[in-house]
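Biologist: I'm still learning to read models like this one, so let's take a close look at a single part. Please keep it simple, and explain the terms as you go.

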Amino acid sequence: MTNRLEGKVALITGAARGQGAAEARLFAAEGASVVITDVRDDALVSLEKELLDAGATVSATRLDVADEADWDRAVRHATAVFGELNVLVNNAGILDMAGVEQTSLEVWNRIVAVNQTGVWLGMKSAIPSIRRAGGGSIVNVSSIYGLIGSGAAAAYQATKGAVRLLTKTAAVQYASEGIRVNSIHPGVIDTGMVDEEIPAEGLPALTAATPLGRMGRPEEIAYGALFLASDESSFMTGSELVIDGGYTAQ
């Protein structure tokens with residue numbers, strides 16, 4: 001199947017690398033006009049050039065997801081360049097592995113600002129445009145650690161749990177307007193964030209705890225986001241799509 005997102009305009013946060021970049025490449029390949037956003041300027045420009053060279057319809061703009069004015073500007077950019085907005089993928093996120101007592105207030109506030117407030121601001125900013133387009137889809141990226149505990153990553157887990165329930169309440173609120181809101185819950189995925197924040201010696205244990213016996217690939221999360229963004233998932237809202245190699249099935 002091809003052109004699964006033909007005619008749709010999608011805005012993806014945290015798109016400069018990892019899952020966000022994989023989503024941008026896949027959405028563009030499936031016919032979407034894609035607005036890619038991040039705070040990593042050089043990587044964002046590089047991805048935009050790659051996609052343009054491949055014939056994609058894409059536009060890059062800087063976005064700090066914790067900044068309301070930045071969100072308003074990014075949504076205006078999307079509608080100015082492509083005419084409307086149909087899909088929002090709240091992918092941007094940051095990780096800290098410290099536990100409850102080890103987490104400083106500064107780190108807590110930073111994680112909450114990006115992972116939780118950023119998702120709320122994204123929906124708040126994008127929904128008026130999605131409404132004007134006649135409805136659409138919002139995909140919020142949570143985590144398996146928005147479903148289960150790990151004994152670490154206190155701030156990260158708190159925010160990912162919040163994303164899960166924020167998704168559900170938004171799904172109920174906007175269902176009558178044809179705006180669907182679902183969450184994705186990745187397991188351990190082979191991304192730069194994991195490389196930076198999880199000690200290399202800890203990865204074998206996480207892999208061993210995954211029944212499929214490996215880390216996931218960013219593209220495997222992107223395919224889940226593609227399904228939720230497309231009309232194929234038209235009867236799904238408020239749902240949790242778990243893509244974790246069986247980690248939470250045990």
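Which residues of α5 are buried?

Modeller: Before the list, a word on what you're looking at. This is a predicted model, so local features need pLDDT of at least 70 and side-chain atom pairs count only at pLDDT 80 or more, while totals for chains, interfaces and linings use all residues. Residues are numbered from 1 along each chain as its sequence is written, and side-chain values use heavy atoms, with hydrogens and water left out.

Here's your list: A154, A155, Y156, Q157, T159, K160, V163, T167, A170, A171 and Y174 are the buried residues of α5. Buried means under 20% relative accessible area, with a 1.4 Å probe and protein chains only. As for the names, helices (H or I, at least four residues) and strands (E, at least two) are DSSP runs numbered from the N terminus. When you read a list like that, keep one rule in mind: an α-helix has 3.6 residues a turn, so residues three or four places apart point the same way.

Now for the helix itself. α5 runs from 154 to 174. Its 21 residues should span 30 Å at 1.5 Å a residue (times one less than the number of residues), and the end C-alpha atoms are indeed 30 Å apart.

What do those buried residues lean on? They pack against α4, β5, β6 (179-186) and α6.

Let's look at the loop between β5 and α5, where you'll find S142. S142 counts as buried because its relative accessibility is 2%. Its side chain reaches the backbone oxygen of K160 at 2.8 Å, and K160 is one of the buried residues of α5. That fits the idea of a polar contact: a pair of N or O atoms within 3.5 Å, where one can donate a hydrogen and the other can accept it; residues adjacent in sequence count only if both atoms are side-chain atoms. Leaving aside neighbours within four places in sequence, S142 is in contact (heavy atoms within 4.5 Å) with K160, V163, R164, I184, H185 and P186.

Back in strand β5 (residues 136-141) sits another serine, S137. S137 is buried because its relative accessibility is 1%. A polar atom of its side chain lies 2.7 Å from the backbone oxygen of L228. Beyond four places in sequence, S137 touches N86, V87, L88, R180, L228 and A229.

Finally, α5 helps to line a pocket. On a 1 Å grid over the protein atoms alone, a pocket is an open set of points where a 1.4 Å probe fits, with protein on both sides within 12 Å along at least five of seven lines; lining residues have an atom within 4 Å of a point. The largest pocket has a volume of about 880 Å³, which is the space filled by probe spheres set on the points, joined across faces, edges and corners. It is lined by 44 residues, and the closest to its centre are G93, I94, L95, Y156 and M193. You've met Y156 already, among the buried residues of α5. Along with α5, the elements α1 (18-29), β2 (33-38), α4 (105-132) and α6 (192-197) each supply at least two lining residues, and α6 gives the most, with 5.

Terms used
Buried means under 20% relative accessible area, exposed over 50%, partly exposed in between (1.4 Å probe, protein chains only).
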